[in-house]
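User: I would like to learn how to read a few features of a structure, starting with contacts between charged side chains. Could you take me through them step by step?

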Amino acid sequence: MPESSPSASSVAVAGGRSLHPLYPWLVWATGTLLFCYAFFHRVAPSVMVSDLMRDFQVGGAILGTLSAFYFYPYALLQIPLGNMLDRWGPRRVIACAAAFCGLGTAVFAVAGSVEMAYVGRAMIGAGAAFGWIGTLTLITLWFPPRRFALVTGLTSLIGMVGAVGGQAPLAAVVSRFGWRPTLLWASLYGVVLAVIVLRVVRDRRDDGAGRATAAQHPRLWRSLCEVAAAPQVWAAGLVVATVSVPLMAFGGLWGVPYMVQAHGMTRPEAAASMSVILASWGLGAPILGWLSDRIQSRKIPILTGTTLSFGAILFLIYVPGLPRWLIFGLLAMNGFAGAAVVTCYAAGRENTRAAVSGTTMGLINALSMGLTAIYQPLIGWLLDLGWEGVIDGGARVYSVETYQMAFLSLAACGALAVAAALCMRDTRCRPVGESGKTAAQSLP
């Protein structure tokens, strides 16, 4: 794609039709609506823990597995979906994904057994899988490369709006109407979004953006082998994966019942506290992405953010008697600092050739979703190990000590995150050359 911005007077699309210069932003905004929907579903189970345990008669391990069924297809689809978007175009793929996500939401809402709930949750994850990479594809097609980091950060910000909606607001609606009717109404969002995507999104500009030859874009297996052979991509992916665990496993599932048990919050209050993590992450993503570009460093923000993020969440869990203002401050620090890992996607792209950038981002995202899929049921299994037999309203109740024992897994995750961040080589925000060496590697 040319480095110049779209024309100030018009933007041309395939077929020669001129569109408004703000049209690229409209395309991007439409894509973010699916990512917003995806994030809503990632965290929604956290405010329905007791309801799901009661209705499906399950414990923490099974509930964690149920929540994680979103992440299994999500992670598996990250590698091939880049090729799917290139082959069929983001317009049709994103529209079908939105509709499928909505259908999965309806299946989950009416599920009469935990097995059917697994199916619905997996369908939601399969549709939601296209939200992030699909939007990044639209950014690549409709914006110059120099805007990629900023618009990617803004995408993360919009996604967190959906995550926040899946916390305190959803908790309030579920408390009033029940989780099944609420999710049935939420399923309509996917259908309406599919129609909007088909009406608004175009697959490419008329200046050649989005077109590629077979020589420029190697086949999926060759691309995957090339990306997998780059140690820096694995380091970046491991940082994203480990730092995302507190966001998804704590903020997205087990944090709400923990805050109720450990700090005496009501469920809406606990959901609001988790919204602080998500909102802070969304706010930090564009700011830290801009800062990374500004100081011409990927490693410094990533290493600093990783350390502060885990330090904050572990301090919150293991230091007793914290005042309410400090609790919310630590949650905000965890989210804001953790958002530095969005620059790992830029670091990953800078360590591979442009022709395999889609596969690079897919592999990084697959690692992130895969580790979260492991951690949600892992923490649930650890909670079940320490369960003392207390049941309230048909749902298991875990002691604070049991939560702290289970959350030791987060400490191990934090150590791995810092180690991976230390292994990252700073690209100085310069892309890899065709020789396969980064600009940073070439510096004396």
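Analyst: A salt bridge is a side-chain nitrogen of Lys or Arg within 4 Å of a carboxyl oxygen of Asp or Glu. One such pair here is D293 with R298, whose closest N and O atoms are 2.9 Å apart. This is a predicted model, in which local features need pLDDT of at least 70 and side-chain atom pairs count only at pLDDT 80 or more, while totals for chains, interfaces and linings use all residues. Residues are numbered from 1 along each chain as its sequence is written, and side-chain values use heavy atoms, with hydrogens and water left out.

User: How many salt bridges does the structure hold, and which residue besides D293 forms one with R298?

Analyst: The structure holds six salt bridges. E350 also forms one with R298, the closest N and O atoms being 2.6 Å apart. This pair links distant parts of the chain, 52 residues apart, since E350 belongs to helix α16 (residues 343-350) and R298 to the loop between α13 (267-295) and α14 (299-318); helices here are DSSP runs of H or I with at least four residues, numbered from the N terminus.

User: Are E350 and R298 buried or exposed?

Analyst: Buried means under 20% relative accessible area, exposed over 50%, and partly exposed in between, with a 1.4 Å probe and protein chains only. Both E350 and R298 are buried, R298 having a relative accessible area of 5%, whereas D293 counts as partly exposed at 28%.

User: Which residues are linked in a network of salt bridges?

Analyst: The network links D51, R54, D55 and R267. Within it, R54 pairs with D55, with the closest N and O atoms 3.1 Å apart; R54 is partly exposed at 35% relative accessible area, and D55 is partly exposed at 33%.

User: What span should helix α7 have, and what is the distance between its end C-alpha atoms?

Analyst: The expected span of a helix is 1.5 Å times one less than its number of residues. For the 13 residues of α7 (residues 130-142) the expectation is therefore 18 Å, and the end C-alpha atoms are 17 Å apart, which agrees. Helix α7 is also mostly covered, with 12 of its 13 residues buried, among them F130, W132 and W142.

User: Where does L385 lie, and how exposed is L385?

Analyst: L385 lies in helix α17 (residues 357-385) and is exposed, with a relative accessible area of 55%.

Methods: Helices (H or I, at least four residues) and strands (E, at least two) are DSSP runs, numbered from the N terminus.
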